[in-house]
Amino acid sequence: MAEINFAEIEKKWQDAWEKEKVFEVSEKSEKEKYYVMEMFPYPSGEGLHMGHAFNYVIGDVYARYKIFKGFNVLHPMGYDALGLPAENAAIEAGVHPESYTNKAIKNYIEQQKMLGLSYDWNRMINSADSSYYKWDQWIFLKMLEKGLAYRKKAPVNWCRKCNTVLANEQVHNGKCWRHEDVEVEVKHLEQWFLKITDYVDELLDKIDDLDWPERTKTMQKHWIGKSYGTEIEFEINSEKWSVFTTRPDTIYGVTFMVVSAQHERLMELVTEEKKEEVKKFLKKLKSVSEKELEEMEKEGVFTGSYAVNPLTNEKVPVYAGNFVLAEYGSGMVMAVPAHDQRDFEFAKKYNIPIKIVIQPMEYEITSEKMARAFTGEGKLVNSEKFDGWDNKEAIDEITKFLKEKNLGRSSVQFKLRDWLISRQRYWGTPIPVIYCNECGIVPVPENELPVELPKNVKFGKGNPLETNEEFVKVRCPMCGSNDARRETDTMDTFVNSSWYFLRYCDPKNSSAIFDKKKVKYWMPIDTYIGGKEHATMHLIYFRFYTKFLRDLGLLDFGEPAKKLFHQGMLHGEGGIKMSKSKGNVVNPDKVSKKYGIDTARLFLLSLASPDRDRDWSEKGIQGTSKFIKRVWEFFEKYSKADMVSNPPPFPSPTHPDGGMNSETASNSQNKWFAHQFGNSSKRLESKLNKAIKEISENIEDFRYNLAVIKVRQLFFTIEEEKEISKKDLESFVKIFSVFCPHLAEEFWERIGNERFDERGEKRELKGESGREQKFVCLSSWPFADESKIDEELERVEKIMEKTIEDVNHIIGMIEKEVSKVYIYVVPGEIENFDVGVLSDRFGKQVEIFANNDKGKYDPEAKARKAKPGKPGIYLE
């Protein structure tokens with residue numbers, strides 16, 4: 001067999017798709033729309049590795065399948081090009097971030113096209129282009145106008161290496177998510193926030209309506225964190241502090257209070273003699289992230305102040321702690337160490353008294369002997385008028401009692417905080433705000449957007465934008481003062497990705513963020529594909545933006561994506577995460593040269609369900625390569641040479657109609673092609689229709705690995721058959737094409753779907769019908785005719801295959817050479833076994849007997865073991 005020239009085939013069809021604009025779509029189609037997309041990538045200068053490729057191939061298979069099913073499919077791609085990674089990489093390389101990013105995007109596009117992805121490249125977006133981030137700024141101004149964008153001083157996470165603020169979600173184990181060797185510090189800075197909390201109820205209430213993975217929905221619910229409880233008034237230094245708790249039943253057991261170490265009013269509570277001790281403690285703080293606070297060791301310091309319990313009038317010490325969120329409730333909690341494990345550990349560490357107020361029903365506990373907090377249900381004790389109450393029932397009663405005395409009230413709190421978007425770096429969307437000594441905060445007029453990033457800045461220490469005086473010093477658009485100063489913070493890059501899916505619908509619109517009619521046609525996203533690590537960042541933010549734009553009257557829906565699918569990760573050999581530092585990155589360019597990109601696609605999809613992690617395996621892709629070569633060899637019989645030596649009937653140059661009208665010519669051509677193929681057996685028809693049905697279901701459910709298994713099985717069946725009809729072979733090519741698009745187009749052409757003239761030269765096919773005839777990817781998905789599925793035949797074949805498996809297993813177990821195989825079956829099943837097929841499969845002589853055949857050869861009475869569906873076996 002001649003070597004397959006993958007590079008030539010891939011380029012041929014990639015060029016053809018691009019020339020014919022095969023995957024470009026518009027809103028004018030009469031077909032039903034379907035919007036499928038993968039999360040757009042950060043274009044790393046290192047380019048794609050096969051892990052990235054796997055993600056895009058998952059979406060490509062689904063998009064191609066939906067095109068086959070008759071949908072008008074929007075499958076776009078763009079680049080999340082702003083952000084710290086690009087800025088830091090550019091600085092390291094000694095180039096400007098813009099140059100670095102543009103070069104990286106160009107490389108990404110080349111690599112993605114090499115993968116044979118079905119993107120509408122005409123809709124490509126780049127978030128670093130001012131024509132895009134102009135609309136980031138426009139949305140910000142609308143939020144400012146509506147009171148959803150605001151500035152305040154707040155404790156923030158600071159990475160000294162990034163030299164910028166980090167969102168809570170970007171702090172991992174007290175370290176920067178980009179720099180795992182850098183401990184995060186806590187600073188108090190004036191920052192810009194987006195008021196996502198205004199949408200907190202809807203963000204929570206609509207989660208269950210989404211067709212998203214349950215784990216992701218649960219993570220979002222936890223992140224939003226709705227709690228029903230009670231606010232209780234404690235007096236500290238003659239001032240009332242409202243403290244939120246979900247456990248008012250334990251109020252009589254409070255022995256200390258804890259205020260957040262990041263609380264803006266903390267120092268008001270610190271007495272003179274405790275100031276140095278508190279300041280020393282504050283320097284140890286590493287993060288304001290809730291997740292980080294939960295995981296770190298619980299520490300605190302006494303402030304010197306005391307709080308008065310409103311029901312007992314007892315004074316309890318107030319500690320500053322590293323485990324209380326400054327913005328959850330009032331930023332202070334009441335501590336009940338007898339009935340909360342975190343409080344118990346803290347009390348033990350700092351020798352704080354423990355007071356029991358709930359006794360279990362089955363036994364009695366004492367504070368002296370407690371090894372851990374009692375967190376179960378029981379009866380109240382040491383609780384004055386509520387002694388003897390069931391503690392669960394007492395929650396409402398104690399809340400009512402506090403209300404009556406004007407000492408408390410029912411309350412609902414959320415863990416979700418407003419979104420801090422300020423970043424003190426260059427490569428981000430400039431915040432469109434001007435500061436004027438006379439006018440205060442002044443929004444940049446909309447007709448002056450975009451506020452573009454200046455090219456001339458100095459990188460090194462601090463915010464690079466502050467080094468460009470021309471950018472910073474501006475005229476106030478309100479009063480005309482020349483002493484105004486432009487905001488030098490840029491936006492968090494999650495802002496750019498919170499609405500990009502809408503821009504794909506109308507990417508070249510310069511007069512509006514998008515055309516509402518176009519968005520109405522395409523949105524919402526039907527299937528969104530991306531990593532589960534975005535559950536509490538991007539996947540909440542883009543829901544928030546969608547709801548805000550709906551409330552501006554731009555959208556008529558509130559959720560951006562109907563269905564969400566999380567892909568698994570591709571690891572290197574041995575299950576090690578792919579990384580440049582580990583030297584185990586698998587480059588698609590090299591894989592393509594060695595095996596062909598279709599081989600790589602099929603291999604990646606065959607390893608496991610797409611939502612599971614998988615390991616790259618050189619041995620594994622070699623196995624897939626053997627299968628691909630086998631398929632290629634099968635289709636080599638359908639070549640242009642056959643067309644030339646025995647051409648199909650076409651009109652001649654001298655007689656355009658060739659003595660036939662076009663309908664007659666077409667019928668003659670179809671008969672010619674049918675003659676070259678033959679008729680499919682009933683067995684093949686059954687196998688094919690069953691495969692079509694099951695593969696369709698597998699693709700719809702993203703169970704690509706099962707679909708690939710069935711594609712292989714179907715091919716092996718076709719290979720075994722002496723004849724196959726053209727229609728049935730076309731059905732196989734169509735199925736094959738969603739996984740291996742380049743080879744499938746080649747096979748489609750070979751079996752006569754590009755018509756030839758009398759010289760064997762291709763004729764130009766025009767119009768939409770011509771495109772569908774020319775490209776398999778634009779044809780229709782094969783119909784599964786379930787009436788042709790022979791379940792009895794399928795049952796019999798399963799018995800046959802199981803018997804072959806059993807025989808091979810026994811052959812593998814015995815040491816002697818086997819020359820003959822004897823099979824004993826129950827009388828009604830003997831016609832189901834083909835001696836010729838079994839002899840070919842084993843490469844040995846085979847004899848088959850009914851187990852009641854008196855003339856059978858059965859030296860060890862194996863016939864007695866024969867049962868329906870399970871023959872007896874004897875080997876010699």
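The face of helix H1 that is turned away from its buried side carries the exposed residues Ala7, Glu8, Lys11, Glu18 and Lys19. This description, like everything that follows, refers to a predicted model. On the other side of the account stand Phe6, Ile9, Glu10, Trp13, Gln14, Ala16 and Trp17, which are the buried residues of H1. Seen down the axis of H1, these buried residues fall within an arc of 160°, and therefore they line one face of the helix. What do the buried residues of H1 pack against? Their partners are helix H2 (50–68), helix H4 (97–114), helix H17 (588–595), helix H18 (597–606), helix H19 (618–635) and helix H25 (741–753). H1 itself covers residues 6–19, and its 14 residues reach 20 Å from the first C-alpha to the last, which is close to the 20 Å expected at 1.5 Å a residue. After H1 comes lysine 21, whose phi is positive, near 50°.

Helix H5 (residues 130–145) can be examined in the same manner. At 1.5 Å a residue its 16 residues should span 22 Å, and the end C-alpha atoms are indeed 22 Å apart, which agrees. Why can H5 be described as largely enclosed by the rest of the structure? The reason is that 13 of its 16 residues are buried, where buried means under 20% relative accessible area. H5 is followed by glycine 147, and the phi of this glycine is positive, near 80°.

Among the strands, E13 (residues 300–308) is mostly covered, since 7 of its 9 residues are buried. Strand E10 (residues 226–236) runs antiparallel to E13 and is joined to it by 2 bridges, and within this pairing isoleucine 236 has alanine 307 of E13 as its bridge partner. E13 also pairs with strand E14 (residues 315–321), again in the antiparallel sense, over 6 bridges. Alanine 307 appears here as well, standing opposite valine 316 in E14. The hairpin of E13 and E14 has 6 residues between the strands, and in it asparagine 313 takes a positive phi near 60°.

Two further asparagines have a positive phi, and the table sets out their values.

| Residue | Phi | Relative accessibility |
|---|---|---|
| Asparagine 237 | near 55° | 48% |
| Asparagine 382 | near 50° | 44% |

Asparagine 237 is found in the loop between E10 and strand E11 (239–245), and at 48% relative accessibility it counts as partly exposed. Asparagine 382 is found in the loop between strand E17 (379–380) and helix H12 (391–404), and with 44% relative accessibility this residue likewise counts as partly exposed.

Two peptide bonds that lead into prolines also deserve a look. The bond from leucine 449 to proline 450 is cis, with omega near 5°, and proline 450 has its place in the loop between strand E22 (440–443) and helix H13 (469–472). The bond from methionine 523 to proline 524 is cis, with omega near 0°, and proline 524 lies in the loop between helix H15 (516–522) and strand E26 (525–530).

Is histidine 179, which has a relative accessible area of 13%, buried or exposed? Histidine 179 is buried, although it lies in a loop, the one between strand E8 (175–176) and strand E9 (185–194). Not counting residues up to four places away in sequence, histidine 179 touches Asn88, Cys159, Lys161 and Cys162.

The interior can also be followed through its nonpolar cores. The largest nonpolar core has 180 residues, and those with the most contacts inside it are Ile699, Phe736 and Phe739. The largest share of this core, 12 residues, comes from H2. Leaving aside its neighbours within four places in sequence, isoleucine 699 is in contact with Val61, Tyr62, Tyr65, Tyr704, Ala707, Val738, Phe739 and Trp781. Another core, of 54 residues, lies apart from the largest one, and its members include Ala261, Val333, Ile398 and Phe401.

Finally, the chain may be considered as a whole. It has 28 helices and 32 strands, and its C-alpha trace spans about 105 × 80 × 50 Å along the principal axes. Buried residues make up 56% of the 876 residues in the chain. Among the contacts with a separation of 6 or more, 75% are accounted for by residues 24 or more positions apart. The accessible surface of the chain comes to about 40000 Å², and 47% of this surface belongs to carbon and sulfur atoms.

How values were computed
Residues are numbered from 1 along each chain as its sequence is written. This is a predicted model: local features need pLDDT of at least 70, side-chain atom pairs count only at pLDDT 80 or more; totals for chains, interfaces and linings use all residues. Side-chain values use heavy atoms; hydrogens and water are left out. Helices (H or I, at least four residues) and strands (E, at least two) are DSSP runs, numbered from the N terminus. The expected span of a helix is 1.5 Å times one less than its number of residues. Buried means under 20% relative accessible area, exposed over 50%, partly exposed in between (1.4 Å probe, protein chains only). The arc is that of the directions from the helix axis to the C-beta atoms. Contact means heavy atoms within 4.5 Å. Two strands pair if DSSP finds at least two bridges between them. Accessible areas come from the Shrake-Rupley method with a 1.4 Å probe; for residues, only the protein chains shown count as cover. A nonpolar core is a set of buried Ala, Val, Leu, Ile, Met, Phe, Trp, Tyr and Cys residues joined through side-chain atoms within 4.5 Å.
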